[in-house]
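Biologist: Could you take me through the reasoning behind a few of the labels used for this structure? I would like to see each value set beside its cut-off.

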Amino acid sequence: MAHVYDRIALIGLGLIASSMAHAIRKFDLAGSIAGYARSSETRETVREIGFCDEVCETAPEVVRGADLVVLCTPVGVMGDVVDEIGPCLEPGATLSEVGSVKMAVIEAVVPRLPSGVHFVPTHPVAGTEMSGPSSGFAELFEGRWCLFTPLPGTSPEAVERLRSLWRRMGALIDDMDPERHDMVLAVTSHVPHLIAYTMVGVADDLRRVSNAEVVQYSAAGFRDFTRIAASDPTMWRDVFMNNQKATLEILGRFSEELSVLQRAIRGGDGELLHEHFSRTRSIRRGIIEAGQDTGLPDFGRSHGIED
Ligand code: NAP
């Protein structure tokens, strides 16, 4: 099958960009891949791993001759990066990005966009707690959703071409309004991360439980929180700084719900707790039925520890 793009430029070379590069190579989706990251250390690592055909020393250099440019940096710097690369983007090229937040990124990028460039925001809802150029793998997007939030007036051909790239990397595609995206992701990803960060911090602060005991007896619940709370601090700082409205809305609802459960525990209302836990159990079943997680006990770990 023909390549989808002649030359793809990736800016920011961490988990998402390296996974894209591996998948683009595996499925032969582009003539060449060029990459740029901020630090010389990351650029050197990428040269050693070899998932880019060319690693450039500057952002303007990497976008020259590219018919697709994908911003794979933390969301907070995307506007600045577009300022840097704008004058060097090829007329007719597509500029995309993979940020976990959409409204703030669109607001930052659109006013800086040179005319004749198609801007198509996306969000691959796939990841791990690992970051950096060594953490990527070609299968990351297989069977995962890649959400498109195309703006009115964008060339349908440019959007369809990018859809084809993601489809051929194994992703499932859906379209979403950017504001709705930020609310849905606040519920399914952003606030759960904040809760994990909070819970791990609480355990760490507890003087009566030493660190050694927390680690030694970490049963599935806490252990799963620690996995999520090990995610990249820069990326997650930027997510909350750029999705304030939706995350604060969901946190408000979370606090209300937590107070109800707190009152039930204090008042000995076992019936309420049981009802609530039964409802949430069925949500887990729904996720498994939708093929978005394994149905194996303890996520399929070989030595599950009892809670
Ligand atoms: P990552 O592994 O931490 O990599 C980020 C990369 O961006 C690094 O190579 C970093 O370079 C580079 N960078 C930072 N500031 C830069 C700048 N000003 N100019 C050029 N490069 C810069 O991050 P990631 O997990 O791949 O996430 C990338 C994007 O994807 C984020 O917007 C995130 O919200 C989104 N996303 C992440 C996930 C996930 O689960 N991780 C899932 C979906 C979407 P240095 O190494 O030199 O610092």
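Modeller: Happily; what follows is a short round of questions on a helix pair, one residue and the ligand, all in a predicted model.

Biologist: Why are H11 and H12 called oblique to each other?

Modeller: The axes of H11 (residues 244-267) and H12 (residues 270-289) cross at roughly 140 degrees. Roughly antiparallel needs an angle over 145, and roughly perpendicular runs from 65 to 115, so the pair is oblique. The two axes also come within 9 Å.

Biologist: Which residues of H11 and H12 make the contact?

Modeller: H11 brings Glu257, Val260, Leu261, Ala264 and Ile265, while H12 brings Leu272, Leu273, His276 and Arg279. By class, six are nonpolar, one is polar and two are charged.

Biologist: Why does phenylalanine 254 count as partly exposed?

Modeller: Its relative accessibility is 33%. Buried would be under 20% and exposed over 50%, so phenylalanine 254 is partly exposed. This residue lies in helix H11, and its C-alpha is 8.8 Å from that of valine 191, although 63 residues separate the two in sequence.

Biologist: What makes the approach of serine 39 to the ligand a polar contact?

Modeller: A polar side-chain atom of serine 39 is 2.6 Å from a ligand oxygen. The cut-off for a pair of N or O atoms is 3.5 Å, so the pair qualifies. Backbone atoms take part too: a polar one of isoleucine 16 is 2.9 Å from a ligand oxygen, and an N or O of glycine 132 is 2.8 Å from one.

Biologist: How many residues surround the ligand?

Modeller: There are 28, and the closest are Arg38, Ser39, Thr42, Thr73 and Ser100.

Notes
Residues are numbered from 1 along each chain as its sequence is written. This is a predicted model: local features need pLDDT of at least 70, side-chain atom pairs count only at pLDDT 80 or more; totals for chains, interfaces and linings use all residues. Side-chain values use heavy atoms; hydrogens and water are left out. Axes are lines fitted to C-alpha atoms, for helices over the stretch in contact, and angles run from 0 to 180 degrees between N-to-C directions. Helices (H or I, at least four residues) and strands (E, at least two) are DSSP runs, numbered from the N terminus. Angles under 35 degrees count as roughly parallel, over 145 as roughly antiparallel, 65 to 115 as roughly perpendicular and the rest as oblique. Contact means heavy atoms within 4.5 Å. Ala, Val, Leu, Ile, Met, Phe, Trp, Tyr, Cys and Pro count as nonpolar, Asp, Glu, Lys and Arg as charged, and the others, Gly among them, as polar. Buried means under 20% relative accessible area, exposed over 50%, partly exposed in between (1.4 Å probe, protein chains only). A residue is near a molecule or strand if one of its heavy atoms lies within 4 Å of it. A polar contact is a pair of N or O atoms within 3.5 Å; within protein, one must be able to donate a hydrogen and the other to accept it, and residues adjacent in sequence count only if both atoms are side-chain atoms.
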